Amino acid sequence: MSEQVLSVAGLTAFYGTSQVLFGVDFEVKPGQCMALLGRNGAGKSTTMKAIAGVIPSGAGSVKLEGREIRGEKSYKIARAGLAFVPEDRQVFPEHTVEDNLLLAAKSGGQGNDWTLARIYEAFPLLAPLKTRLGRQLSGGEQQMLVIGRALMGNPRLLLLDEPSEGLAPVIVQQIAARIKELRRSGTTILLAEQNMHFCLHIATHVAVIDRGRIVYTDTTDGLRANEDIKTRYLSV
Ligand SMILES: Nc1ncnc2c1ncn2[C@@H]1O[C@H](COP(=O)(O)OP(=O)(O)OP(=O)(O)O)[C@@H](O)[C@H]1O
Ligand SMILES: [Mg+2]
């Protein structure tokens, strides 16, 4: 068994002929919550999508628990234990909250599987909304639902792309608290964010991306103390 849950090395990606990732390198260890931080257009979503196989990558390596997954189809990568929650959330609009969760259920074979009951415990806001349709949920409720749905697949690694995006500050705080609890209970997470303050509260480690390259990796405390990196790459 590999020491890394995820290791990304030399990952490149293109949209048409335009290169967006220029050799992205970072690693996520078991139990870490790694924040992938960077400005608008830095390449966070592209990195996430290339890892999850929803867009093709050019070159490099992406290993999930030591096994090469780069170049595999996204459903196979998901089946291998990588759950990706994209920026646009993609709740099933005509299904109830409960069906959204059940459609994603998959045994992790570890004996500590996520169940509906555990999801409602982790996201108490969802419990009274069981029979509500996906399209009737607020943005914050949808975000909680898609995180819950990702967990129902018992992933080895959870990828969250900008979970705070477009949500009111009070909802952002609730989402942050839930993600922090997931991290505390041992879920390994890779979180893409523009909002550094959101990450500083929940991440254990950070990787800063700028123009398609990782320019800094450290613990969250290390970044907090590094004014130079914050002003150079994170516009704060
Ligand atoms: N479908 C696409 N076609 C062409 N170029 C794209 C496409 N999606 C993204 N890009 C470009 O790739 C670069 C990286 O975009 P990406 O979405 O990965 O950034 P990001 O860090 O997630 O930004 P944001 O914080 O705005 O979500 C940007 O220059 C963007 O304009
Ligand atoms: Mg993005």
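Q: Which residues of α1 are buried?
A: They are Lys 44, Thr 46, Thr 47, Met 48, Lys 49, Ala 50, Ile 51 and Ala 52. A residue is buried if 20 or more other C-beta atoms, placed from the backbone, lie within 10 Å of its own; with 12 or fewer it is exposed, and in between it is partly exposed. Eight of the nine residues of α1 meet the cut-off for buried, and the helix is mostly covered.

Q: How do you know what kind of model this is, and which parts count?
A: The model is predicted: local features need pLDDT of at least 70, side-chain atom pairs count only at pLDDT 80 or more, and totals for chains, interfaces and linings use all residues. Residues are numbered from 1 along each chain as its sequence is written, while chains are lettered from A and ligands numbered from 1 in the order in which they are written.

Q: Why is Arg 89 called buried?
A: Arg 89 has 20 C-beta neighbours inside 10 Å, so it counts as buried. Arg 89 sits in the loop between β6 (82-85) and α3 (97-102). It is not a glycine, yet its phi is positive, about 65 degrees.

Q: Is Gln 90 buried or exposed, and what makes it count that way?
A: Gln 90 counts as exposed because it has 12 C-beta neighbours inside 10 Å. Gln 90 is also found in the loop between β6 and α3, and its phi, near 55 degrees, is positive in a residue other than glycine.

Q: Why is Asn 195 called partly exposed?
A: Asn 195 has 16 C-beta neighbours inside 10 Å, so it counts as partly exposed. Its loop runs between β8 (189-193) and α7 (196-202).

Q: What makes a run of residues a helix or a strand, with a number such as α1 or β2?
A: Helices (H or I, at least four residues) and strands (E, at least two) are DSSP runs, numbered from the N terminus. Helix α1 covers residues 44-52. After α1 comes Gly 53, with a positive phi near 75 degrees.

Q: How do you know that β4 and β5 pair?
A: Two strands pair if DSSP finds at least two bridges between them. Strand β4 (residues 61-64) and β5 have two bridges, in the antiparallel sense; in one of them, Leu 64 has Arg 67 of β5 as its partner. β1 and β2 run antiparallel and are joined by eight bridges, and β1 pairs with β4 over four bridges, again antiparallel. Leu 6 stands opposite Val 28 in β2 and has Leu 64 as its bridge partner in β4.

Q: Why do β2 and β5 stand at the edges?
A: The open sheet of four strands has the order β2-β1-β4-β5, with antiparallel pairing. β2 (18-28) and β5 (67-68) each have a single partner strand, so one side of each is left without a neighbour in the sheet.

Q: What makes up the open sheet of six strands?
A: Its order is β6-β7-β8-β3-β9-β10, with mixed pairing. β6 and β10 (213-219) are the edge strands, each pairing on one side only. Four bridges join β6 to strand β7 (residues 157-161) in parallel, and Val 85 stands opposite Leu 160 in β7.

Q: How is α1 set against β7?
A: α1 runs at about 145 degrees to β7 and lies across β3 (33-37), β6, β7, β8 and β9 (205-210). Axes are lines fitted to C-alpha atoms, for helices over the stretch in contact, and angles run from 0 to 180 degrees between N-to-C directions.

Q: Which residues does Leu 159 touch?
A: Not counting residues up to four places away in sequence, they are Met 48, Ile 51, Ala 52, Leu 82, Ala 83, Phe 84, Val 85 and Leu 190. Two residues are in contact if their C-beta atoms, placed from the backbone, lie within 7 Å.

Q: Which members of the largest nonpolar core touch the most others?
A: Of its 68 residues, Leu 159 and Leu 191 do. Helix α5 (residues 139-151) gives the most to this core, with six residues. A nonpolar core is a set of buried Ala, Val, Leu, Ile, Met, Phe, Trp, Tyr and Cys residues joined through C-beta atoms within 7 Å.
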